[in-house]
Amino acid sequence: MLVLGLVIIFGLLFLGVPLFVCFVTGGSVLNTLYAGAPLANVAHMMFSALDSYVLMAVPFFILAGMLMGKGGLSRSLVDFIDSLIGHVPGGLGIVLIVSTMLFGAMTGSGTAAVAAIGIIIVPRMLELGYDKKFCLGLIAASAQLGVLIPPSIPMILFGSLTETPIADLFMAGLIPGIMIGVMLMIASGIICWRNKWGIHPSASWGERGRSFVKALPILFMPVLILGGIYTGTFTPTEASLIATLYAAVAGLATRTLSPKAIMEGGKDTLRTTGMIFLLVCSVIIFGRIMSYARIPHMLTSLVVGLDVSLPIFLLVIMVFYILIGFFAEVIIITYVTVPILFGVVCTVMGVHPYQYAVIMTTAVVLAATTPPVGVNLYLTSGLFKAPLEDVIKGVIPFMIVLLIGMIICTYVPALSTWLPSLMR
Amino acid sequence: KEPVAPPEKPPVEKPPAEKPPEKPAEVYKIKLIYSYHPGDVRANLAEKFKELVEKKTDQIKIDTYPSSQLYPQKEEPHAVASGAVEMHSFASYAYMGVAPACSIGIIFGMWKSMDQWLPFWNDPNGGGIIKKQLNEAGIHALDATCSSQIYIADTNARRPLPTIPSHDGLKFRCPPALEPWGRALHTDPVSISIAEAFTAMQTGMVDGTHTGNIAIYSQNWWQVCPYTTRYGPLWVWSVDLFANLKWWDSLPDDMRNLLEECAQEAREWSDREDLANMDAEATEFLQEKLAENYLLLDVVDPKENQLWMDAVAEEFLKTYSPKWPAEFKAAAEKYSGFKI
Amino acid sequence: MRIITKLGNFGEKFLDNFCTILLFIALLLGLEQIFSRYFFGITQNWAEELFIYITLYAIYLIMGLATRYNEHIKIDFLVRNRSGSFKKILDWFTEWLGLAASIFLVIISIKVVLFSYGMGEVSYSDLPYPIWVVKLSFPIGFVFLSFYYLERVCRLFFPKSEEMPEEK
Ligand code: NA
Ligand code: NA
């Protein structure tokens with residue numbers, strides 16, 4: 001019966017049926033015929049999955065990002081960074097990465113930056129003769145760094161599943177996020193330098209000063225969010241509300257955002273969150289049934305019996321996440337794998353939960369750029385009216401960088417655990 | 001459940017050798033859920049219950065699911081009532097939402113001993129009302145009950161808190177059901193999950209927790225809040241095992257009796273051995289670990305202690321007793337000698 | 001078909017506006033709670049619960065709109081570029097299954113609401129509102145979800161019908 005349920009879920013899934021339908025259908029079969037629970041239990045599990053204060057950070061971090069993206073604030077961010085470092089060889093590539101990283105420090109998802117930053121900077125790059133494939137690949141890859149840099153939706157989901165403090169998880173992702181960002185800069189710098197792309201005259205200090213003042217409202221936002229969470233002034237959920245308030249007020253004050261645009265932002269946020277939450281609460285049925293079937297328990301005994309060494313085990317986990325990342329995105333990666341693997345990874349093998357969260361999140365980053373299922377690939381291709389193949393060709397060098405970053409994060413636990421330990 | 005096979009036609013001339021072996025008696029499968037992590041007092045209680053039952057009979061098989069892995073904690077009563085799981089182990093106040101009389105379980109300082117509590121529990125207007133309210137919500141409370149002496153402690157990062165006024169204005173982590181506790185001491189109760197508590201204390205988002213010393217020890221809170229001030233002793237009673245009513249009523253009498261028996265045995269074991277050991281272990285650990293640091297246990301003046309106990313009990317009563325039926329209040333007053 | 005599309009348009013407008021207003025009410029409530037905690041030291045546990053539930057109401061109600069624009073998250077790389085009768089059969093299958101699943105969700109979530117009502121569950125906070133009111137958001141959201149699946153199924157019968165929203 002367990003097998004039948006799984007066949008239904010994964011069979012429907014590859015037929016292109018919306019994921020929530022797959023999980024509701026298969027989950028109901030499992031719930032009723034395998035676990036012997038009443039049918040209504042399905043709805044009960046779905047409802048209870050979302051009734052949580054920490055999960056409420058998800059819509060509001062998305063909203064904060066939407067408001068920042070809709071207003072002209074993201075343009076002033078790009079302008080400022082461009083004026084600082086745009087003149088060095090390959091400078092605009094670095095400007096793009098720094099901008100997406102800073103933008104990532106305001107929103108929880110990795111896709112918002114594709115539009116918010118990409119639309120502003122990619123045309124500039126094309127004007128200066130950068131290769132289109134390169135630009136598209138770079139924006140698709142670097143936008144996703146936003147999920148490592150706090151705030152981060154995968155970290156919120158991980159924390160709510162495992163009862164790990166979310167503020168600590170946020171901090172755990174910061175250094176890996178910056179590290180991979182720097183690696184991307186080096187890679188893109190080398191590519192640009194060899195192709196002698198895009199050099200524009202350096203900006204004067206006066207121009208830099210002016211653009212700094214213009215960008216000040218948006219530059220203050222990461223300070224507010226990170227500082228507030230790091231010092232314990234507010235919880236991640238509170239931070240999401242304050243970030244939203246800040247983005248709205250800053251946008252209105254600088255006249256880059258109209259009240260109507262704020263309403264639009266709310267509408268788009270709800271539609272996005274609606275899709276995410278519907279899927280989250282459907283996938284939860286699967287996780288609960290796995291618990292019921294004692295799959296995590298069985299995995300634990302299996303791993304204990306195998307007596308594998310930690311490096312080999314980490315390799316297996318990493319390869320598993322890379323493979324699943326080809327076909328899945330953030331919600332499947334978190335909600336399907338974490339309830340099953342958390343006990344084995346953290347309790348049996350002694351991997352620190354922060355490190356596990358970072359491994360999982362780097363997998364989320366990579367997954368967004370790997371075909372056949374990669375949200376940023378499609379988004380980029382749609383947004384810039386470019387064939388999917390071009391985006392994929394452009395993203396390959398950066399995909400390799402992300403992969404190297406993931407390997408480093410997997411084998412150097414201090415990258416994830418050091419910063420949260422400073423909060424002690 | 002499998003349909004019952006239709007009665008076989010009487011075998012006419014079958015040789016006795018081919019007679020099928022006697023059909024084994026039906027095996028009852030129980031899903032028992034609880035919120036606590038393995039190793040916690042109540043987790044041990046549930047596991048003990050399983051161990052005892054399975055030792056005594058082959059007819060019952062209990063699967064335990066710790067750490068709220070099947071349902072979030074606040075949905076667990078609903079899961080039992082709807083029959084999604086057969087049994088649940090938790091402190092009875094989890095059922096306050098559907099059976100308001102259950103809140104009598106967390107009125108600190110109300111019951112002084114088992115001799116007061118037991119007659120109340122057995123009185124139709126006392127425990128009877130609790131059971132009735134639970135039944136109406138589709139839940140059966142197993143009869144096993146015991147009252148345990150537990151110390152309640154405050155932890156605080158900045159200073160010892162030996163009087164009520166010394167609590168003034170501090171932010172304390174406190175689960176929603178225990179908020180009267182904070183209100184009585186004029187602290188600002190902040191409801192954050194256990195998982196976030198350590199960080200919250202460390203970063204100063206809260207100044208401490210209203211809790212018992214076992215949690216201070218097991219959750220490592222002493223690392224960030226080294227002052228422990230202890231009030232008490234307090235007797236808190238609890239009924240810890242709940243079952244789906246429909247399922248319970250469908251069980252044969254002998255099975256029900258056996259479950260009740262084992263529940264009582266597990267409960268007594270938990271109180272007399274497990275809880276006492278853990279309390280001792282935690283106290284010893286905390287005293288040893290923090291001897292040269294700032295840990296303070298039992299620094300409270302007996303007079304201050306009494307004031308503290310009265311204030312907390314009063315606030316709990318004020319919050320929860322308005323929802324109790326009159327005859328229940330009267331019975332509680334009669335057996336506890338406590339003015340409601 | 002035209003009636004269904006009109007109803008669909010109306011529903012979309014209603015959901016967009018109503019839910020967005022709910023979201024901003026929740027935002028204000030959440031902010032009010034933060035400020036009252038930090039500046040006045042007052043904690044209202046009911047405000048936190050209400051904040052969660054209003055946010056959830058907004059999100060649940062709007063879940064169905066993704067159906068209208070076929071935006072639900074799915075893994076369709078195997079079937080994306082198919083055409084002809086295979087694609088047609090698959091479309092029929094997918095939409096009908098979606099409709100069945102969403103009607104199923106309406107029924108079982110109504111059961112949960114009724115059960116909660118029967119149990120008399122109330123919330124823990126100082127403002128003990130009944131839980132079934134909160135849970136009611138679930139079936140309402142699923143009714144909209146079913147409606148938009150119905151619209152999609154109708155669209156299968158009238159593939160050339162006008163006034164249909166463009167798929168994104
Ligand atoms: Na981020
Ligand atoms: Na992928």
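This briefing covers two sodium sites, one β-α-β unit and two chain interfaces. The model is predicted. Chain A supplies the protein donors for the sodium ion (ligand 1) and for the sodium ion (ligand 2). Chain A also buries area against chain B and against chain C.

**Sodium ion (ligand 2)**

- The protein donors include the backbone O atoms of Gly325(A), Phe326(A), Ala367(A) and Val373(A).
- Thr370(A) gives two atoms, O and OG1.
- These donors lie 2.2 to 3.2 Å from the ion.
- The six donor atoms make angles of 70 to 170°, and the site is irregular.
- For six octahedral donors, the ideal angles are 90 or 180 degrees.
- Along the chain, the donor spacing reads G-F-x40-A-x2-T-x2-V.
- Gly325(A) sits in helix 16 (residues 310-327) of chain A, and Thr370(A) in the loop between helix 18 (353-367) and helix 19 (375-383) of chain A, so the pair ties together parts 45 residues apart in sequence.
- Gly325(A) and Thr370(A) are both buried.

**Sodium ion (ligand 1)**

- Gly104(A), Thr107(A), Gly146(A), Ile149(A) and Pro151(A) coordinate this ion, each through its O atom.
- The distances run from 2.1 to 2.5 Å.
- The donor spacing here is G-x2-T-x38-G-x2-I-x1-P.
- Among these donors, Gly146(A) and Pro151(A) are buried.

**β-α-β unit in chain B**

- Strand 1, helix 1 (residues 41-56) and strand 2 of chain B form a right-handed β-α-β unit.
- Strand 1 (residues 28-34) of chain B pairs with strand 2 of chain B in the parallel sense, over six bridges.
- Within chain B, Ile33(B) stands opposite Tyr65(B) of strand 2.
- Strand 2 (residues 60-65) of chain B is largely enclosed by the rest of the structure, because five of its six residues are buried.

**Interface of chain A with chain C**

- Contact involves 53 residues of chain A and 60 residues of chain C.
- About 5,100 Å² is buried between chain A and chain C, 81% of it on carbon and sulfur atoms.
- Phe47(A), Leu270(A) and Arg271(A) supply 16% of the area that chain A buries against chain C, more than any other three residues.

**Interface of chain A with chain B**

- Here 26 residues of chain A contact 23 residues of chain B.
- The two chains bury about 2,100 Å² between them, with 51% on carbon and sulfur atoms.
- On the chain A side, His44(A), Tyr292(A) and Arg294(A) lose the most area to chain B, together 25% of what that side buries.

Note on methods: Residues are numbered from 1 along each chain as its sequence is written. Chains are lettered from A and ligands numbered from 1 in the order in which they are written. This is a predicted model: local features need pLDDT of at least 70, side-chain atom pairs count only at pLDDT 80 or more; totals for chains, interfaces and linings use all residues. Side-chain values use heavy atoms; hydrogens and water are left out. Donors are N, O and S atoms within 2.8 Å of the metal (3.2 Å for Na, K and Ca); water is not among the atoms, so sites may look incomplete. Four donors count as tetrahedral if all angles lie between 85 and 135 degrees; four count as square planar and six as octahedral if opposite donors are over 155 degrees apart and all others between 65 and 115; anything else is irregular. Helices (H or I, at least four residues) and strands (E, at least two) are DSSP runs, numbered from the N terminus. Buried means under 20% relative accessible area, exposed over 50%, partly exposed in between (1.4 Å probe, protein chains only). Two strands pair if DSSP finds at least two bridges between them. A crossover is right-handed if, with the strands pointing away from the viewer, the path from the first strand over the helix to the second runs clockwise. Contact means heavy atoms within 4.5 Å. Buried area is the accessible area (1.4 Å probe) that two parts lose on being put together, summed over both.
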